[in-house]
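Grab a coffee and work through a few short exercises on one helix and the empty space beside it. Try each task yourself before reading the solution.

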Amino acid sequence: MNFIELSSENASRETKKLADIISRQYTPDAVVFVARGAYRIGLELGEYFNVPVFEIFAERKNSALKKLAAPVLRILPRKLKFTLRNVEIKKGTYEKDTDRNVFWGKIPAEADHCSFKNILLVDDSCDTGNTFTQCVGEIRKKFPEAVIKTAAINVFSCSKRIFNTDFYIYTDHIISGPWSNDSPEHKAFICGYNEKFGK
């Protein structure tokens with residue numbers, strides 16, 4: 001398993017790479033990001049394609065436990081954090097936690113009257129495929145005629161049993177970025193999210 005730790009600047013570079021890959025085959029007229037983690041990726045893809053950006057939430061049932069563990073994760077050595085994450089993936093912990101509470105974030109009223117034909121759904125990583133599967137289902141309810149494509153910085157091979165991600169850069173990499181709870185840039189990341197999409 002390979003590990004990549006991205007700064008905000010490097011995450012933007014990776015997002016640009018992803019945008020270039022997408023643009024060779026697909027042009028969205030709206031971007032939907034999985035909140036909150038993929039907000040910067042979604043925002044930058046929206047700017048690249050010059051299209052509106054919306055958020056959709058897909059909360060795991062154990063997300064409260066993850067938040068409680070965040071302060072401890074911040075002080076662990078980098079190598080140990082990645083080792084623990086590797087064990088978690090190999091044990092299939094996420095595969096047992098399949099249900100998501102999926103719901104839309106704030107959508108401007110005018111979007112309800114738009115008939116988006118091509119929607120790009122983005123996340124930082126496709127771990128199991130469950131988030132993408134359930135988010136695509138929710139998007140189809142609102143935009144039944146749209147062609148929905150998906151993109152992520154990384155895709156784990158095991159996710160392909162459940163969902164085929166259309167566009168990605170890496171396979172089987174553990175990616176840590178500003179969206180990660182243990183990132184030194186996480187606080188700034190959340191402030192940026194709250195400015196753009198916070199209540």
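## A helix and a cavity

In this predicted model, α1 gives 3 residues to the lining of the second largest cavity, the largest share of that lining.

**Exercise 1.** Check whether the end-to-end distance of α1 fits its number of residues.

*Solution.* Start with the count: α1 runs over residues 8–23, which is 16 residues. At 1.5 Å a residue, the expected span is 22 Å. Now compare: the end C-alpha atoms sit 22 Å apart, so the two agree.

**Exercise 2.** Work out how the buried residues of α1 are arranged around its axis.

*Solution.* First list them, taking buried as under 20% relative accessible area: Ser8, Ala11, Glu14, Thr15, Leu18, Ala19 and Ile22. Next, look down the axis: these buried residues fall within an arc of 150°, so they line one face of α1. The general reason is that an α-helix has 3.6 residues a turn, so residues three or four places apart point the same way. Finally, ask what lies over them: the cover includes α2 (39–49), β5 (118–126), β6 (147–155) and β7 (167–171).

**Exercise 3.** Describe the second largest cavity and its lining.

*Solution.* Begin with the tally: there are 2 cavities of 30 Å³ or more. The second largest has a volume of about 40 Å³. Its lining is made up of Ser8, Ala11, Thr15, Arg40, Ile41, Pro178, Trp179 and Phe189. Sort these by type and you get 5 nonpolar, 2 polar and 1 charged. Then sort by element: α1 and α2 each supply at least two lining residues.

Terms used. Residues are numbered from 1 along each chain as its sequence is written. This is a predicted model: local features need pLDDT of at least 70, side-chain atom pairs count only at pLDDT 80 or more; totals for chains, interfaces and linings use all residues. Side-chain values use heavy atoms; hydrogens and water are left out. Helices (H or I, at least four residues) and strands (E, at least two) are DSSP runs, numbered from the N terminus. The expected span of a helix is 1.5 Å times one less than its number of residues. Buried means under 20% relative accessible area, exposed over 50%, partly exposed in between (1.4 Å probe, protein chains only). The arc is that of the directions from the helix axis to the C-beta atoms. Contact means heavy atoms within 4.5 Å. On a 1 Å grid over the protein atoms alone, a cavity is a set of points where a 1.4 Å probe fits but cannot get out, and a pocket is an open set with protein on both sides within 12 Å along at least five of seven lines; lining residues have an atom within 4 Å of a point. Grid points are joined across faces, edges and corners, and a volume is the space filled by probe spheres set on the points. Ala, Val, Leu, Ile, Met, Phe, Trp, Tyr, Cys and Pro count as nonpolar, Asp, Glu, Lys and Arg as charged, and the others, Gly among them, as polar.
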